[in-house]
Amino acid sequence: MDRERIGGGERGLDRGVRRRTGRGVMVVGVVSLLALPLAAAVHQQLLRSEPAQGEEMSISPERLRLVFAEPIELAVTQIQLASAGATTVPLSRLSLDPDSANILVAEVERTLAPGSYVIRWRTAGIDGHPVNDSIPFVVAIGPGASHLDHHDP
Ligand SMILES: [Cu+2]
């Protein structure tokens, strides 16, 4: 009804409404940011591993150790070790470290030839929420790089 009126008063009202709307959006944004760390804290997550992400190892690892933030639900946990050529390396049955239900252990049942490998893991934490990721690493054993060479005479 007042659309054609462009009086200062009406403009002022318009701006007031826009400002309020803007503030509402900001409040929602702040609440979302606060909620994020809480949500992340209840999900299972990998803290560190051996081999570590991107690690260059001088010897073939005897076992994989994955340290998680929460106790691990073994029944829903899978680990696969594969070479760059997608050949799967046999692992032992998965177990938990006797000292911590947050630490997953699998023996590597074959000596790894030099090359690139990837650990693919899938598990869940207390909330049952599935999480998965992969950990690439390299076994680099070249002439002159054996661990014996690092010993002092
Ligand atoms: Cu979760």
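**Strands, sheet and core of the predicted model**

Strands S3 and S7 run antiparallel and are joined by five bridges. Strands here, like helices, are DSSP runs numbered from the N terminus (E, at least two residues, for strands; H or I, at least four residues, for helices), and two strands count as paired if DSSP finds at least two bridges between them. All of this comes from a predicted model, in which local features need pLDDT of at least 70 and side-chain atom pairs count only at pLDDT 80 or more, while totals for chains, interfaces and linings use all residues. Residue numbers start from 1 along each chain as its sequence is written.

Within the S3–S7 pairing, arginine 63 sits opposite glutamate 107 of S7. S7 also takes part in an antiparallel pairing with strand S6 (residues 95-97), this time over three bridges. Here leucine 96 has leucine 104 of S7 as its bridge partner, and a hairpin of two residues links S6 to S7.

Then there is an open sheet of five strands, ordered S2-S9-S8-S4-S5 with mixed pairing. S2 and S5 are its edge strands, each pairing on one side only. Inside the sheet, six bridges hold S4 and strand S8 (residues 115-124) in an antiparallel pairing, with alanine 82 bridged to valine 118 in S8.

Turning to the interior, the largest nonpolar core contains 13 residues. Such a core is a set of buried Ala, Val, Leu, Ile, Met, Phe, Trp, Tyr and Cys residues joined through C-beta atoms within 7 Å. Buried means 20 or more other C-beta atoms within 10 Å of a residue's own, exposed means 12 or fewer, and partly exposed lies in between, with C-beta atoms placed from the backbone. Leu64, Leu66, Phe68, Leu81, Leu104, Tyr117 and Ile119 have the most contacts inside the core. Strands S3 (63-68), S7 (100-107), S8 and S9 (130-139) each supply at least two of its residues. Neighbours within four places in sequence aside, tyrosine 117 touches Leu81, Ala82, Ser83, Leu112, Phe137 and Val139, a contact being C-beta atoms, placed from the backbone, within 7 Å of each other.

Two loops have backbone quirks. Between strand S1 (46-50) and strand S2 (56-57), the loop holds proline 51, and the peptide bond from glutamate 50 to proline 51 is cis, with omega near -5 degrees. Alanine 86, in the loop between strand S4 (78-83) and strand S5 (88-89), has a positive phi near 70 degrees despite not being glycine. Alanine 86 is exposed, because just 7 other C-beta atoms lie within 10 Å.

How values were computed: Contact = placed C-beta atoms within 7 Å.
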